[in-house]
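Me: I would like a close look at one part of this protein. Please start from a single spot and then work outward.

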Amino acid sequence: MKLQFSSVSPRVACTPEEWNDWRWQFRMSLKSEEDFGRYFSLAPEEVQGFHSQKNIFRAQTTPYYASLADQKNPFDPIRLILMPRVEETQSLHQEMLDPLGERKPENHPRERLIHRYSDRVLFLLTDLCSVYCRYCTRKHFTANDHAFVRNNDYLQALDYIRTHSGIREVILSGGDPLTISDSHLERVLSDLRTIEHVEIIRIHTRMPVVAPMRISEDLCRIIKKHKPVYLITHFNHPREVTVESAMAVEKLVDHGVPVLNQMVLLNGVNNHAAIVQALSRRLLYVRVKPYYMFQCDPSLGSDHLRTSIEESLRIQRELWGHVSGLAMPTYIVDIPEGGGKAALTPNFLTGHQGSVHRFKGWDGVEAEYHSPSDTRPPMDLESYQDEWNELKNSKASL
Ligand code: SF4
């Protein structure tokens with residue numbers, strides 16, 4: 001079957017120049033019940049969602065992204081991502097404002113910095129996004145109109161990174177870091193590149209999905225100039241991979257920027273192996289590597305969008321053997337309270353006795369693997385210790 005990438009037609013009166021200008025998309029964002037009501041015939045659950053969502057998480061989307069969602073069907077997958085619903089106020093299971101424990105003082109050494117893993121920090125440049133995804137895990141920070149980090153906090157964050165030589169990766173996140181201007185982004189990337197131990201910069205953004213016109217030649221040149229910069233985007237559904245978004249990510253790849261995708265498994269949106277498979281195939285086709293498939297965090301107001309871990313594992317098992325390793329995202333559960341990422345894989349091991357392990361493969365083939373005997377002469381591990389320590393502490397450079 002041929003992969004179909006459809007083009008998005010504006011559902012609003014505007015010129016092509018306006019439509020293709022990300023700042024126009026941002027200015028014309030749908031924010032109120034009235035705005036959304038002009039695009040969609042709102043269901044009672046959505047109207048109630050608007051009336052009750054003010055205290056939880058505000059709604060906003062670009063006209064472009066709104067045009068991807070069905071106008072009439074309130075259970076359209078993209079509509080479920082962008083539209084508040086009354087279920088957001090009905091807490092039935094576990095719900096947390098900060099499921100990843102990012103606000104804990106030990107994980108939050110400076111304003112806008114989250115330092116959870118020894119070799120990388122998350123730098124929250126802005127709290128603004130072009131869409132407020134109903135399942136967002138960072139509702140404790142996002143959409144509060146703090147905008148770009150204040151200069152003093154910015155300098156303190158840089159100073160922290162500079163004085164912690166173990167930090168090799170800086171992840172620019174938010175909010176969405178590509179809602180800031182090219183000149184601000186250029187400044188951030190240049191400042192980070194003055195810190196010798198920062199090897200990798202990552203930009204985590206939904207812009208290629210919700211406002212692909214943001215990915216301009218100028219932006220690609222800025223990102224390329226500060227390489228190695230990885231861009232991690234966030235497609236959840238194959239319908240989000242449009243001609244426009246495909247062109248945006250291909251532009252980045254053509255400029256030598258590696259692009260990977262993180263998706264979240266969401267009830268009613270993509271919780272079927274066929275949907276994940278179609279998404280992965282499309283992404284791979286436009287040279288985006290499916291990277292993570294996240295279990296939805298128990299974020300406040302997202303209960304109705306979550307799948308059970310059993311269901312997620314079932315989806316992953318169904319994919320195994322049917323998509324190539326390149327197209328297979330790693331299934332991740334972020335352990336609540338800041339416990340870190342746990343990768344779960346299907347268990348193909350059916351038992352073992354001594355050095356003999358028994359397996360049943362994805363298509364039912366059963367076989368044994370015999371480990372080498374313990375009586376082999378051991379490697380002289382100690383003689384390699386100095387070399388290994390040197391390798392571990394060495395800086396990656398050309
Ligand atoms: S784009 Fe990311 S940070 Fe913004 S609302 Fe969506 S999930 Fe949250």
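Where is Pro-228 found?

Reply: This is a predicted model. Pro-228 is found in a loop. On one side of that loop is α10, residues 217–225. On the other side is β5, residues 229–233. Now look at the backbone there. The peptide bond from Lys-227 to Pro-228 is cis. Its omega is near 0°.

Another cis bond is found elsewhere in the chain. The peptide bond from Gly-174 to Gly-175 is cis, with omega near 20°. Gly-175 also has its place in a loop, the one between β3 (169–173) and α8.

Gly-175 leads us to the ligand. Gly-175 is one of the residues around the ligand. The others listed there are Cys-129, Val-131, Tyr-132, Cys-133, Cys-136 and Arg-206. What kinds of residue make up this shell? Five are nonpolar, one is polar and one is charged. The ligand itself sits in the largest pocket.

Stay with α8, the helix at the end of the Gly-175 loop. Helix α8 covers residues 182–193. Its partner here is helix α7, residues 151–163. The two axes come within 10 Å and cross at roughly 30°. Angles under 35 degrees count as roughly parallel, so α7 is roughly parallel to α8. The crossing of α7 past α8 is right-handed.

Compare a second pair, α12 and α13. Helix α12 spans residues 273–285, and helix α13 spans residues 309–319. Their axes come within 9 Å. They cross at roughly 55°. That angle makes α12 oblique to α13. This crossing, too, is right-handed.

One last backbone feature follows α12. Arg-287 has its place in the loop between α12 and β7 (289–295). Its phi is positive, about 70°. Yet Arg-287 is not a glycine.

To recap the starting spot: Pro-228 is in the loop between α10 and β5, and the bond leading to Pro-228 from Lys-227 is cis.

Notes
Residues numbered from 1 in each chain as written. Predicted model: local features only at pLDDT ≥ 70, side-chain atom pairs only at ≥ 80, totals over all residues. Heavy atoms only, no water. Near = heavy atom within 4 Å. 1 Å grid on protein atoms, 1.4 Å probe; cavity = no way out; pocket = protein on both sides within 12 Å on 5 of 7 lines; lining within 4 Å. Sits in = over half its atoms within 2 Å of the grid points. Nonpolar A, V, L, I, M, F, W, Y, C, P; charged D, E, K, R; others polar. Axes fitted to C-alpha atoms, helices over the stretch in contact; angles between N-to-C directions. Helix = DSSP H or I, 4+ residues; strand = E, 2+ residues; numbered from the N terminus. Parallel < 35°, antiparallel > 145°, perpendicular 65-115°, else oblique. Left-handed = near helix turned anticlockwise from the far one by under 90°.
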